Amino acid sequence: MKHLLILLVLCILINSLTEGKKFKEGEKPSWAKKDIRDFNDADMERLLEQWEEDDDPLEPDELPEHLRPPPSIDMASVDTSNPENILKLSKKGRTLMSFVSVNGNPTREETEEITKLWQTSLWNNHIQAERYLIDDNRAIFMFKDGAQAWEAKDFLVEQERCLHVSIENKEYKGKHNRDEL
């Protein structure tokens, strides 16, 4: 009998704690009383906020990139004589684009083949870059981890057909370049 009483009290307690309504029927705001088909954007936004108010906050790595906290930089371990090291550390974990130009007067197909070869070489070196052609002799390489852009730059400027690489508005001339800038 004692176990039955405890079980009954426990069931009543669980039932009262799991009551799903946020508002009592008389306490509902006016926007919540409308038919869902009559909701405007502001009503939908309020509904979303109400829906998410009891959710746990997302982990930093699950947040969209613009809401993630910036990486902390330990200035004691950084070689401050090279400003590229500071830039490289500040872009770690952030998306970064670099512009790459092919020298000579290549056709769009030539540029496609050359940059595809460069992209494959970068991927083989564990540098993940997406490639987008923007002109007959120019492409964008997009890096999900911006710190990899400088490693890719070191590879790209060594290539025979690389005219120049641009990262963060700084141009790096290709080593086999014949001053076509």
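**Note on the predicted model: fold, sheet and salt bridges**

1. From the N terminus on, the elements of the chain follow the order α-α-α-β-α-β-β-α-β-β. The secondary structure thus comes to five helices and five strands. The model is a predicted one, and the remarks below should be read accordingly.

2. Some overall values for the chain come next. Of its 181 residues, 26% count as buried. The accessible surface comes to about 13,200 Å², and carbon and sulfur atoms account for 54% of this surface. Among contacts between residues at least 6 apart in sequence, 52% join residues at least 24 apart.

3. The five strands form an open sheet with antiparallel pairing, in the order β2-β3-β1-β4-β5. Strands β2 (129-135) and β5 (170-173) stand at the edges; each has a single partner strand, so one side of each is left without a neighbour in the sheet. From one strand to the next, the twist averages 25°.

4. Within this sheet, the pairing of β1 (residues 96-102) with β4 (residues 162-167) is antiparallel and extends over five bridges. One point of reference is Ser98, whose bridge partner in β4 is Ile167. Helix α5 (residues 148-156) packs on the sheet, where this helix touches β1, β3 (138-143), β4 and β5. The direction of α5 makes about 165° with that of β4.

5. Which residues of α5 are buried? They are Gln148, Ala149, Trp150, Ala152, Lys153 and Leu156. The list contains Gln148 and Lys153 as well as Trp150 and Leu156. The packing partners of the buried residues of α5 are α3 (83-90), β1, α4 (108-124), β3, β4 and β5. These partners therefore include helices α3 and α4 as well as strands of the sheet.

6. The segment after β5 contains Lys175. Is Lys175 buried or exposed? Lys175 counts as exposed because its relative accessibility is 56%, and exposed means over 50%. Leaving aside residues up to four places away in sequence, Lys175 touches Val157 and Glu158. The C-alpha atoms of Lys175 and His164 are separated by 8.7 Å, and these two residues are 11 apart along the chain.

7. The contact with Glu158 is also a salt bridge: the side chains of Glu158 and Lys175 meet at 2.8 Å, N to O. This pair links distant parts of the chain, with Glu158 in the loop between α5 and β4, Lys175 in the segment after β5, and their positions 17 residues apart. Glu158, at 40% relative accessibility, counts as partly exposed, whereas Lys175 counts as exposed.

8. A second link between distant parts of the chain deserves mention. The side chains of Asp136 and Arg108 form a salt bridge of 3.6 Å, N to O. Asp136 lies in the loop between β2 and β3 and Arg108 in helix α4, the two being 28 residues apart. Asp136 is partly exposed, with a relative accessible area of 39%, and Arg108 is partly exposed as well, with 37%.

9. Asp35 and Arg37 also form a salt bridge, in which the closest N and O atoms are 2.9 Å apart. Asp35 counts as partly exposed at 32% relative accessibility, while Arg37 counts as exposed at 72%. A network of salt bridges links Lys34, Asp43 and Arg46. The count of salt bridges comes to 12. As a general remark, side chains of opposite charge can pair when their charged atoms come close.

10. The surface also carries a nonpolar patch formed by Ile36, Met44 and Leu47, which together have about 260 Å² of accessible area. Of these, Met44 lies in helix α2 (residues 41-52). Why does Met44 count as partly exposed? Its relative accessible area is 41%, and partly exposed covers the range between under 20% for buried and over 50% for exposed.

Methods:
Residues are numbered from 1 along each chain as its sequence is written. This is a predicted model: local features need pLDDT of at least 70, side-chain atom pairs count only at pLDDT 80 or more; totals for chains, interfaces and linings use all residues. Side-chain values use heavy atoms; hydrogens and water are left out. Patches are made of residues with over 30% relative accessible area and no salt bridge: like charges are joined within 9 Å, nonpolar side chains (Val, Leu, Ile, Met, Phe, Trp, Tyr) within 5 Å. Accessible areas come from the Shrake-Rupley method with a 1.4 Å probe; for residues, only the protein chains shown count as cover. A salt bridge is a side-chain nitrogen of Lys or Arg within 4 Å of a carboxyl oxygen of Asp or Glu. Helices (H or I, at least four residues) and strands (E, at least two) are DSSP runs, numbered from the N terminus. Buried means under 20% relative accessible area, exposed over 50%, partly exposed in between (1.4 Å probe, protein chains only). Two strands pair if DSSP finds at least two bridges between them. Axes are lines fitted to C-alpha atoms, for helices over the stretch in contact, and angles run from 0 to 180 degrees between N-to-C directions. Contact means heavy atoms within 4.5 Å.
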